[in-house]
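Open the model in your viewer and keep the sequence panel beside it. This tour moves from the whole chain to single residues.

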Amino acid sequence: VQLQASGGGLVQAGGSLRLSCVASGRTLSSYVVGWFRQAPGKEREFVASINWGGRSTYYADPVKGRFTISRDNAKTSVYLQMNSLKPEDTALYYCAAGDLPTNYGQAYDYWGQGTLVTVSS
């Protein structure tokens with residue numbers, strides 16, 4: 001399955017962005033989908049994940065209450081709505097698909113190319 005992440009951009013602190021992850025080659029409905037991010041000079045970190053049916057979601061503590069992950073299996077898409085953005089959210093955001101609902105990046109088999117989010121203060 002090929003993943004394409006999009007929706008990144010430049011936004012002021014307090015603003016919002018909606019990231020999209022679109023699959024091709026295979027439906028996303030049978031996969032857990034996660035979002036990860038990597039800021040300059042830092043390691044990749046887990047942001048959020050959603051299970052196959054979309055009823056279970058998980059969030060990293062820094063984004064809880066601000067970010068919402070959702071999926072539309074009919075459109076083979078997963079979204080990350082990001083509100084109340086902070087400068088520390090600046091990073092390259094990746095979507096990934098795998099079999100297990102985990103925050104461990106190595107467990108995901110398929111990765112998109114990343115979309116850049118820049119939050120100015």
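Each stop below says what to select and what is there.

**Stop 1: the whole chain**

Start with a cartoon view. This is a predicted model. Colour by secondary structure: the chain has eleven strands and zero helices. Followed along the sequence, the pattern reads β-β-β-β-β-β-β-β-β-β-β.

Now look at the overall dimensions. Along the principal axes, the C-alpha atoms fill a box of roughly 40 × 25 × 25 Å. The radius of gyration is 13 Å, which agrees with a compact globule of 121 residues, because such a globule would have a value near 14 Å.

Switch on the surface. The accessible surface of the chain is about 6,100 Å², and 47% of that belongs to carbon and sulfur atoms. Of the 121 residues, 45% are buried. How much of the contact network joins residues at least 24 apart? Among contacts between residues at least 6 apart in sequence, the share is 56%.

**Stop 2: the four-stranded sheet**

Go back to the cartoon. Find the open sheet of four strands with the order 1-3-8-7 and antiparallel pairing. Its edge strands are strand 1 (2–6) and strand 7 (67–72), and each pairs on one side only. From one strand to the next, the twist averages 15°.

**Stop 3: strand 1 and its partner**

Select residues 2–6, which form strand 1. Add residues 17–24, which form strand 3. The two strands pair in the antiparallel sense over five bridges. Which residue in strand 3 is the bridge partner of glutamine 2? It is serine 24. Further along, glutamine 4 stands opposite valine 22 in strand 3.

Show the side chains of strand 1. They alternate. Leu3 and Ala5 point to one face and are buried. Gln2, Gln4 and Ser6 point to the other face and are not buried.

**Stop 4: serine 20**

Stay in strand 3 and select serine 20. Is this residue buried or exposed? Serine 20 counts as buried, because its relative accessibility is 16% and the cut-off for buried is under 20%.

Display its neighbours, leaving out residues up to four places away in sequence. Serine 20 touches Gln4, Ala5 and Ser6, which belong to strand 1. Serine 20 also touches Trp35, Val78 and Tyr79. Val78 and Tyr79 fall within strand 8 (77–82).

**Stop 5: the aromatic cluster**

Hide everything but the aromatic rings. There are six aromatic pairs. Begin with phenylalanine 36 and phenylalanine 46. Their ring centres are 5.7 Å apart and their planes stand at 75°, so the pair is edge-to-face. Phenylalanine 36 sits in strand 4 (residues 32–38) and phenylalanine 46 in strand 5 (residues 45–50), ten residues apart. Both of these phenylalanines are buried.

Next, select tyrosine 94 and tryptophan 111. This pair is also edge-to-face, with 6.4 Å centre to centre and 75° between the planes. It links strand 9 (residues 91–98), which holds tyrosine 94, to strand 10 (residues 108–111), which holds tryptophan 111. The two residues are 17 apart in sequence.

How do they differ in exposure? Tyrosine 94 is buried, with a relative accessible area of 18%. Tryptophan 111 counts as partly exposed, at 28% relative accessibility.

Now select Phe36, Phe46, Tyr94, Tyr108 and Trp111 together. Ring pairs link these five residues into a cluster.

**Stop 6: around tryptophan 111**

Keep tryptophan 111, which lies in strand 10, and show its contacts. Setting aside residues up to four places away in sequence, tryptophan 111 touches Leu3, Phe36, Arg44, Tyr94, Cys95, Ala96 and Gly105. Leu3 is one of the buried side chains of strand 1.

Then draw a distance from tryptophan 111 to valine 1. The two are 110 residues apart in sequence, yet their C-alpha atoms are 8.9 Å apart in space.

**Stop 7: serine 84**

Finish in a loop. Select serine 84, between strand 8 (77–82) and strand 9. Which sign does its phi have? Serine 84 has a positive phi of about 50°, although it is not a glycine. With 40% relative accessibility, serine 84 counts as partly exposed.

Note on methods:
Residues numbered from 1 in each chain as written. Predicted model: local features only at pLDDT ≥ 70, side-chain atom pairs only at ≥ 80, totals over all residues. Heavy atoms only, no water. Pairing = 2+ DSSP bridges. Axes fitted to C-alpha atoms, helices over the stretch in contact; angles between N-to-C directions. Rg over C-alpha atoms; globule rule 2.2 N^0.38 Å. Buried < 20%, exposed > 50% of the residue type's maximum accessible area, 1.4 Å probe, protein only. Contact = heavy atoms within 4.5 Å. Areas by Shrake-Rupley, 256 points an atom, 1.4 Å probe, with all protein chains shown as cover. Phe/Tyr/Trp six-rings, centres within 6.5 Å; stacked < 30°, edge-to-face > 60°.
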